Amino acid sequence: MGDFNQAVILDSIRRSEEGLSRVELAALAGLAAQTVSNICRRLLDSGLIVEAGKDGSGPGKPRTILRLNPKGMYAVGVHIDPALTSYALLDAVGTVLFSVDEATELGIDPAQAVANMGTRILSVIEQSGVPFGRIAGVGVATPGPVDAASGTVVSPPHMPGWTRVPLRDILAETTGLTVVVEKDVTASAVAELWAWSGHAAANFVFVYIGTGIGAGLVLNDEVVRGSSGNVGEIGHIITDPDGPLCDCGRRGCVKVTCMPETVVGLAREAGVLPAHPVGEPAPALADELAAVARAAAEGEPSAVEILDNSARRMAGAVSVLTNLLDVDCVVFGGPFWPALAPVYLSKVPALVAALSVTTCVHSVEIAGTRLTSGEEAFGAACLVLEKSFNASAEQLLLDAKA
């Protein structure tokens, strides 16, 4: 129970913008005043929290306010995308202190590429000036599927040769730090929960639009991971029964109707984008998608039609999730989200409302991520902060068995 109670106290302090007194913490956590006092003393001694002045607004003597100490702990995040690997170092309150992006090394042995990531992590820590002993760990967000139990990435799309690569073990050996590995969509849901702390809906789906499309899930303020850590594989939800043939044997799946590369391909066929000369390097997918979005914003009819159809299909897939899970909110994000945001936010809410079976009971909010595009590594680092601060039912059971 000790670790669970400490996590409850830390999470309560984290969620309060103004800080909390020991009396308020005891009331929120349902713990005895002496228990809270003992936990707070340990947290103060370890430097995870600090005393931040007195509050004399209520009856009785002024109460000492406790807040997280930004310098109490730090976390490193690594976001692996087939094109780009991003690194970020966060303090205890989620401030990004250092970040860098590099091309993902797909042309070398995957194990060596991961070892090189470990070396880069050590370089990030050194360049940041943060004491190594204050680094709580490394969070890694990677395309799925993953073997969460062993911290292994299993044959991610668009990353040839990355078959059962032991990410966690290689990085732990290279850096000497604790390593947490999750799917990128799960890391995004964790980041959104962290960024929306105190304001977010308790139940939401995070739709991640990257090279692939997936979904992270938060229910009752807890991130849902599934039995193997692979929740959110939505690529084979059918959005258009008469659509293109998918590699699963069916037609019109998300994978062949909504992916950014599909939008770009349709735009090229329609003449919105110039034909790609044979033998020349292909333009970056993000740049081409942004060009389609600009054409739509300028009123180019084919571009408008392509993005409108994309929004309609995505709304169909999202409605399947909202009807199944009965969530309050859907949050869109991921590296390709900014280009699609204007059209999606103007079209998807009404479409989802029309397809929702709970419209007469409650509305479903459709929103864009609060996180800045390009900071996907933030979500990876938040995996470490979540593990350190968030109390979960699973942890309570583990404590009870100890």
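This passage describes the overall dimensions, the two sheets, the helix packing and two backbone features of the chain.

The model is predicted, so that local features need pLDDT of at least 70 and side-chain atom pairs count only at pLDDT 80 or more, while totals for chains, interfaces and linings use all residues. Residues are numbered from 1 along each chain as its sequence is written, and side-chain values use heavy atoms, with hydrogens and water left out.

To start with the whole, the chain contains 13 helices and 14 strands; helices (H or I, at least four residues) and strands (E, at least two) are DSSP runs, numbered from the N terminus. The C-alpha trace spans about 70 × 55 × 40 Å along its principal axes. For 402 residues, a compact globule would have a radius of gyration near 21 Å, and the 23 Å of the chain agrees with this. Here the radius of gyration is taken over C-alpha atoms, and the globule rule is 2.2 Å times the number of residues to the power 0.38.

We can turn next to the sheets. Strands of a sheet pair through backbone hydrogen bonds, either parallel or antiparallel; two strands are counted as paired if DSSP finds at least two bridges between them. One open sheet has five strands in the order E5-E4-E3-E6-E9, with mixed pairing. Its edges are strand E5 (96-103) and strand E9 (179-183), each of which pairs on one side only. From one strand to the next, the twist averages 15°. Within this sheet, strand E3 (residues 74-80) and strand E4 (residues 84-91) run antiparallel and are joined by seven bridges; Val76 has Leu89 in E4 as its bridge partner. Helix H5 packs on the sheet, where H5 touches E3, strand E6 (135-142) and E9, and the direction of H5 makes about 150° with that of E9. Contact means heavy atoms within 4.5 Å, and axes are lines fitted to C-alpha atoms, for helices over the stretch in contact, with angles from 0 to 180 degrees between N-to-C directions. Helix H6 (residues 184-195) also lies across E3, E6 and E9, running at about 105° to E9.

A second open sheet of five strands follows the order E12-E11-E10-E13-E14, again with mixed pairing. Strand E12 (222-224) and strand E14 (365-368) are the edge strands, each pairing on one side only. Neighbouring strands of this sheet are turned by 25° against each other on average, direction ignored. Three bridges pair strand E11 (residues 213-219) with E12 in the antiparallel sense, and Leu219 has Glu222 in E12 as its bridge partner. H6 packs on this sheet, touching strand E10 (204-209), E11, E12 and strand E13 (329-333), and its direction makes about 125° with that of E10. Helix H11 (residues 337-355) lies across E10, E13 and E14 and runs at about 175° to E14.

Helix pairs come next. Two packed helices are described by the angle between their axes and the distance between the axes. The axes of helix H4 (residues 110-128) and helix H5 (residues 167-175) come within 8 Å and cross at roughly 40°. H4 and H5 are therefore oblique to each other; angles under 35 degrees count as roughly parallel, over 145 as roughly antiparallel, 65 to 115 as roughly perpendicular and the rest as oblique. The crossing of H4 and H5 is right-handed, meaning that the near helix is turned clockwise from the far one by less than a right angle, whereas an anticlockwise turn is left-handed. Residues of H4 including Ala111, Val114 and Leu122 meet residues of H5 including Leu167, Ile170 and Leu171. By class, the residues of this contact are nine nonpolar, four polar and no charged. Ala, Val, Leu, Ile, Met, Phe, Trp, Tyr, Cys and Pro count as nonpolar, Asp, Glu, Lys and Arg as charged, and the others, Gly among them, as polar.

The axes of helix H10 (residues 301-325) and H11 come within 8 Å and cross at roughly 45°, which makes H10 oblique to H11. H10 passes H11 in a right-handed crossing.

Finally, two backbone features deserve a look. Most residues other than glycine have a negative phi, and most peptide bonds are trans. Gly144 and Pro145 are joined by a cis peptide bond, with omega about 0°, and Pro145 lies in the loop between E6 and strand E7 (146-147). Arg164, although not a glycine, has a positive phi of about 50°; Arg164 sits in the loop between strand E8 (152-153) and H5.
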